[in-house]
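Please open the model in your viewer and keep the selection panel at hand for a short walk through it.

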Number of protein chains: 2
Amino acid sequence: MERHLDLQLEQLRNNLLRMGAVVEQMIARANVALVERDEAAIAEVIERDHEVDQMEIEVDEACHSILARMQPTAVDLRFLVAVMKITADLERMGDSAVNIAQAAQQLNQEPPLKPYIDLPRMSAMVQDMVRESLDALVHRDTALAVKVCKDDDNIDGLYKQLFRELLSYMIEDPRTTTRALHLLLVARNLERVADHATNIAEDVIYYVDGRDVRHSLAKSKVETGA
Amino acid sequence: MERHLDLQLEQLRNNLLRMGAVVEQMIARANVALVERDEAAIAEVIERDHEVDQMEIEVDEACHSILARMQPTAVDLRFLVAVMKITADLERMGDSAVNIAQAAQQLNQEPPLKPYIDLPRMSAMVQDMVRESLDALVHRDTALAVKVCKDDDNIDGLYKQLFRELLSYMIEDPRTTTRALHLLLVARNLERVADHATNIAEDVIYYVDGRDVRHSLAKSKVETGA
């Protein structure tokens with residue numbers, strides 16, 4: 001029985017990691033869609049969203065089934081609860097990647113407002129956070145999870161800086177307003193993905209240590225403007 | 001044992017409802033903060049966020065404890081899993097109410113851009129959705145849960161309409177841009193609360209029927225602009 005449970009948990013972990021890899025790739029491709037004005041990347045991100053939705057249902061059902069049939073305890077129970085919360089965060093990250101791809105689609109209909117420098121940097125940082133939050137889960141690495149929580153502050157800083165810059169574009173030249181709003185949407189969705197990675201990192205800390213760090217680690221959910 | 005479990009679940013349900021009532025009230029007070037330019041309401045919403053954070057931790061810990069000690073099965077197990085997902089949604093609704101109150105704080109420093117008609121209407125609809133999603137849980141009422149999912153489409157429609165209106169303000173007169181962006185932030189946060197209510201409704205359907213309706217009911221997460 002114990003052995004059987006271990007196998008099931010191992011399989012669950014692999015499926016969750018596969019889901020995470022798809023989501024991470026969607027965020028990377030959404031960035032390509034934006035920066036390289038790549039229509040194929042836009043279509044790919046939108047298409048893969050269904051895959052992530054399906055993976056969420058499968059992983060959740062596996063969790064329910066293990067809970068119901070094997071009645072795991074202690075650390076295994078905390079792991080299952082963490083996984084069920086994490087799938088919801090990953091699924092919403094996938095939605096954010098789709099929102100970015102759709103914004104890119106709109107932006108590609110006009111000349112670029114400005115060279116994209118901060119957004120690709122922000123996207124790369126966010127992708128790291130997603131990967132590291134799942135690495136922290138797999139290796140039960142709470143130090144890495146704490147790092148992810150702290151990185152979120154840098155993302156919030158970048159977002160605020162971008163917000164101010166785009167606001168000044170809009171005020172100086174209203175012809176830029178629509179494009180600036182779409183770029184703001186991209187930045188906000190990246191910032192939201194970072195929040196979800198932070199949620200995952202907090203779930204990892206609870207799973208490993210059994211201590212709840214939500215609302216105690218510096219987790220600023222400040223939003224500036226739209 | 002069975003009887004003991006029932007008592008624990010009853011207490012859990014009451015605590016969850018109390019948390020829901022606080023969140024619903026925060027959304028209502030955030031609307032007062034905006035429409036009546038009420039500084040006390042702003043402070044109240046920001047203050048109550050801690051209460052919601054604390055309630056989330058308490059309810060989650062109660063769920064863990066019941067899972068670990070009583071090993072509930074079938075419908076009771078699905079209920080506990082639903083509750084753990086619902087607390088996360090309620091907590092994020094509380095964050096959205098805070099974002100709205102903070103936007104109201106910014107908006108109160110300048111004369112109103114326009115009379116607020118659509119936003120209070122949207123806020124009232126969203127508050128109904130929050131209450132109905134929790135009523136659906138308590139009464140195991142899947143028909144009510146399906147209604148909540150459908151109402152979300154109306155909210156998305158209202159959001160898109162407001163977005164277009166605010167965009168035209170910004171383009172016609174850049175002096176309105178900052179205020180329009182803050183109003184857009186309010187609308188977007190209401191739209192996000194509606195999404196969370198929809199998540200709860202979907203969890204209720206899974207809890208009652210054991211069927212997963214995520215990604216199958218018409219649940220559009222379309223975002224227009226920022």
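The tour goes from the chains to a few aromatic side chains.

This is a predicted model, in which local features need pLDDT of at least 70 and side-chain atom pairs count only at pLDDT 80 or more, while totals for chains, interfaces and linings use all residues. Residues are numbered from 1 along each chain as its sequence is written, chains are lettered from A and ligands numbered from 1 in the order in which they are written, and side-chain values use heavy atoms, with hydrogens and water left out.

Select both chains: a turn of 180° with a shift of 0.0 Å along the axis lays chain B on chain A with an RMSD of 0.0 Å, the superposition being by least squares on C-alpha atoms of residues with pLDDT of at least 70 in both. The two copies are thus related as by a two-fold rotation axis.

Next, turn to the aromatic pairs (ring centres within 6.5 Å; planes under 30 degrees apart are stacked, over 60 edge-to-face, the rest tilted), of which the structure holds two over all chains. Select A:Phe79 and A:Tyr207, whose ring centres are 5.2 Å apart with planes at 55°, so the pair is tilted. Because A:Phe79 belongs to helix 3 (residues 74-107) of chain A and A:Tyr207 to helix 6 (residues 177-209) of chain A, the pair ties together parts 128 residues apart in sequence; the helices are DSSP runs (H or I, at least four residues), numbered from the N terminus.

A:Phe79 counts as buried at 3% relative accessibility, and A:Tyr207 does at 1% (buried is under 20% relative accessible area, with a 1.4 Å probe and protein chains only).

Finally, add A:Arg13, whose charged end sits over the ring of A:Phe79, 5.2 Å from its centre (CZ of Arg within 6 Å of the ring centre and within 35 degrees of the ring normal).

Methods. Rings of Phe, Tyr and Trp (its six-membered ring) pair if their centres lie within 6.5 Å; planes under 30 degrees apart count as stacked, over 60 as edge-to-face and the rest as tilted. Helices (H or I, at least four residues) and strands (E, at least two) are DSSP runs, numbered from the N terminus. Buried means under 20% relative accessible area, exposed over 50%, partly exposed in between (1.4 Å probe, protein chains only).
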